[in-house]
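Good morning, colleagues. Please bring the sequence and the structure up on your screens, and I shall take you through the points I have selected.

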Amino acid sequence: MKIICTTLNAKYIHTNLAIRYLKAYSAPEYTIEIPEYTIKDPALRIVTDLIQKGPQVLGFSCYIWNIEETIRVIQMIKKINPEIIIVLGGPEVSYDGEELMKRITEINVIVTGEGEASFKQLLVHIENSLDFTSVPGIVYRNQAGEIVVNHLIQKIDLRDLPSPFRFEEDIPHLSKRIAYIETSRGCPFNCQFCLSSIEVGVRYFDREKIKEDIRYLMKHGAKTIKFLDRTFNISRSYAMDIFQFLIDEHAPGTVFQFEITADIMRPEVIQFLNETAPPGLFRFEIGVQSTNDFTNELVKRKQNFEKLKRTVTMVKDGGKIDQHLDLIAGLPEEDYQSFRKTFNDVFALRPEELQLGFLKMLHGTGLRRQASQYNYIYMDFPPYEILGNNVLTFEEIISIKQVEDVLEKYWNDHRMDTTIEYLVSRVFPSPFDFFQQFGSFWDEQGWARIGHQLEDLYLRLHQFLSQQNLTDFSIIEGLMKYDYLRNQKYKPRKLWWEERLPKQERSEIYQEILVSPELVGKDFAAFKLSEKDLYKLTVMEQLHFNLDEYLQSNSIVEGNFKLLAYYQPETTTAHLFTLQ
């Protein structure tokens, strides 16, 4: 019996852990092929490839990001070969399976929830031409065409699950893709917007097997390993043991990513990481979602924001771990002004990344069942994103989306941190107000519909700021020049600004520097640049304030200064100096 389990990943760099668990659990009785595609692949190409493989059973792992494309694929496959048994599984089909099967008649079976044991038992029944009455955890069509729901009997003992990583065909791809790993399933919390709240309690995999899997992944070149645990640090002793193991045995260049509940993280754990973890080894994702206590109470979310701030601040001060913080716009009773406060509360922590998302009414969640209570309107199709509720209009949602657009480009990508910090702390009333005003301007110009180069980002911010009647515009321009030059690896061929130091004045200063390089400073003089290298490898531009003074003391001293950037060829590093 030819069996294929597949999925359409969001990106090529992603891998699907679920189909690998199915393959491992079904062996040795059944051999499963696990080709993967992406949602960008043409449907006909996917169909062609799958049909040519000749499956009798074809399973798809389904998520909010791929369900529509998956349905198109299975509908085409069924037209070509109606005899192929189509099986769907995954979070997107586990909670309203009966309704989905009524709508999509090409589906033969849906495996609901945890699928390893159910799928293997299903294969036994298919192979032996048995009915599916005794297969737990599935929705299926019987011989009369009726839809039958078999409830799941019990959960698997995770300690007995075989490793999903020991497949030869995966080895060539490990260094190019994200490797996902679980050490537990379930979540101790009950947030009503999240699917993880449906499974009560937390179950753990065998700890030593997990460590062996990590050793295997690192040995074969995995560079990014992401833990899928919903709350990795719910058990302090468990988290500490894994942290210590990763610190002791990590391979150079490997990054481990975790979802952390920040307000329950003990200071001694952070102190341990700050003292012992190599820089860049760990990356934390922290779901803040909202700082509105009433909103959190309505969605049964327990969060102590003061303790969360303590954790984020301690981690940031340690300088070892990048942090990605998440917000959700559209939660119950959080209106536009309340979300503005949430945004500013969290941005004040200056996370390396701030992800602004919008509430999705996922199948199976408590909030979807309570939608009418808050007058939610939302998309009937994936991603089921809200379009408004009793306190947030559609127009306000669009405004927040404008914030999201420029936040991603101008903060999360870290193209001009010094400039943005100046703008959000000195020029605009709050960080949210800057991103909102700039985002609205961006949208009005139609820039959201076109591409952009790095220079375009600077020019567009410059155009926006030039219309604000700012008294310190020349200071901001200088900071933008500084950000642009310091983030280049090589001397830029193209500069985005119009104000240039006159060529004659530049040459005169260069001649002075050649005679007395100490004028720039001891660090610059140590490079011992020749006249050729000075002209070839440096950029000099006008500033109207003392940049060094600002960077050191955060104070503005106006005057006639120059910014000199030297691009060291051997290291592709920019060295910047201020001189009068």
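The lining of the largest cavity comprises seven nonpolar, three polar and three charged residues. I should say at once that we are looking at a predicted model. The space in this largest cavity is about 150 Å³, and 13 residues line it. Nearest its centre lie Thr15, Arg20, Asp170, Leu174 and Ala179. Which elements supply at least two residues each to this lining? They are helix 1, residues 17-26, and strand 9, residues 178-181. Strand 9 provides the largest share, with three residues.

Let me stay with Asp170 for a moment. Asp170 sits in the loop between strand 8, residues 147-150, and strand 9. Is Asp170 buried or exposed? Its relative accessibility is 11%, and the limit for a buried residue is under 20%, so Asp170 counts as buried. As for its relation to Gly253, the two residues are 83 positions apart in sequence, and their C-alpha atoms are 20 Å apart in space.

I turn to the other cavity. The count of cavities of 30 Å³ or more comes to two, and the second largest has a volume of about 80 Å³. Its lining includes Tyr21, Leu158, Arg159, Phe205, Asp206 and Lys209. Pro162 and Pro164 are also among the lining residues. Helix 6, residues 207-219, gives the most to this lining, namely three residues. By class, the lining of the second largest cavity divides into seven nonpolar residues, one polar and four charged.

Next, a pocket. The second largest pocket has a volume of about 310 Å³. There are 13 residues in its lining, and those closest to its centre are Leu130, Asp131, Phe132, Arg141 and Gln143. Two or more residues of this lining come from helix 5, residues 116-127, and likewise from strand 7, residues 138-141. The lining of this pocket holds six nonpolar, five polar and two charged residues.

My next topic is helix 13, which runs from residue 394 to residue 412. What end-to-end span should its 19 residues give? At 1.5 Å a residue, the expected value is 27 Å, and the end C-alpha atoms lie 25 Å apart, which agrees. Helix 13 nevertheless has a kink of about 30°, centred on Val406. Val406 is itself one of the buried residues of this helix. Others among them are Ile397, Ile400, Val403, Leu407, Tyr410 and Trp411. The buried set also includes Gln402, Lys409 and Asn412. After helix 13 comes His414, with a positive phi near 55°.

I come now to the aromatic pairs, of which the structure holds 42. I have chosen Tyr510 and Tyr535, whose ring centres are 4.8 Å apart and whose planes stand at 75°. Planes over 60 degrees apart count as edge-to-face, so this pair is edge-to-face. Tyr510 belongs to helix 18, residues 503-515, and Tyr535 to helix 20, residues 531-537, so the pair ties together parts that are 25 residues apart in sequence. How do the two partners stand in accessibility? Tyr510 is buried, with a relative accessible area of 2%, whereas Tyr535 is partly exposed, at 32%.

Finally, some points on the backbone. Which peptide bonds should you inspect for a cis geometry? The bond from Ala27 to Pro28 is cis, with omega near 0°, and Pro28 lies in the loop between helix 1 and strand 2, residues 32-33. The bond from Pro382 to Pro383 is also cis, with omega near 10°. Pro383 falls in the loop between strand 17, residues 377-378, and strand 18, residues 386-388.

Tyr384 is in the loop between strand 17 and strand 18 as well. Tyr384 has a positive phi of about 60°, although it is not a glycine. At a relative accessibility of 5%, Tyr384 counts as buried. Lys528, another residue other than glycine, has a positive phi near 50°. Lys528 is placed in the loop between helix 19, residues 522-525, and helix 20. With a relative accessible area of 73%, Lys528 is exposed.

That concludes my presentation; thank you for your attention.

Definitions and conventions
Residues numbered from 1 in each chain as written. Predicted model: local features only at pLDDT ≥ 70, side-chain atom pairs only at ≥ 80, totals over all residues. Heavy atoms only, no water. Helix = DSSP H or I, 4+ residues; strand = E, 2+ residues; numbered from the N terminus. Expected span 1.5 Å × (residues − 1). Bend = angle between axes of the 7 residues up to and from the residue. Buried < 20%, exposed > 50% of the residue type's maximum accessible area, 1.4 Å probe, protein only. 1 Å grid on protein atoms, 1.4 Å probe; cavity = no way out; pocket = protein on both sides within 12 Å on 5 of 7 lines; lining within 4 Å. Points joined across faces, edges and corners; volume = space filled by probe spheres on them. Nonpolar A, V, L, I, M, F, W, Y, C, P; charged D, E, K, R; others polar. Phe/Tyr/Trp six-rings, centres within 6.5 Å; stacked < 30°, edge-to-face > 60°.
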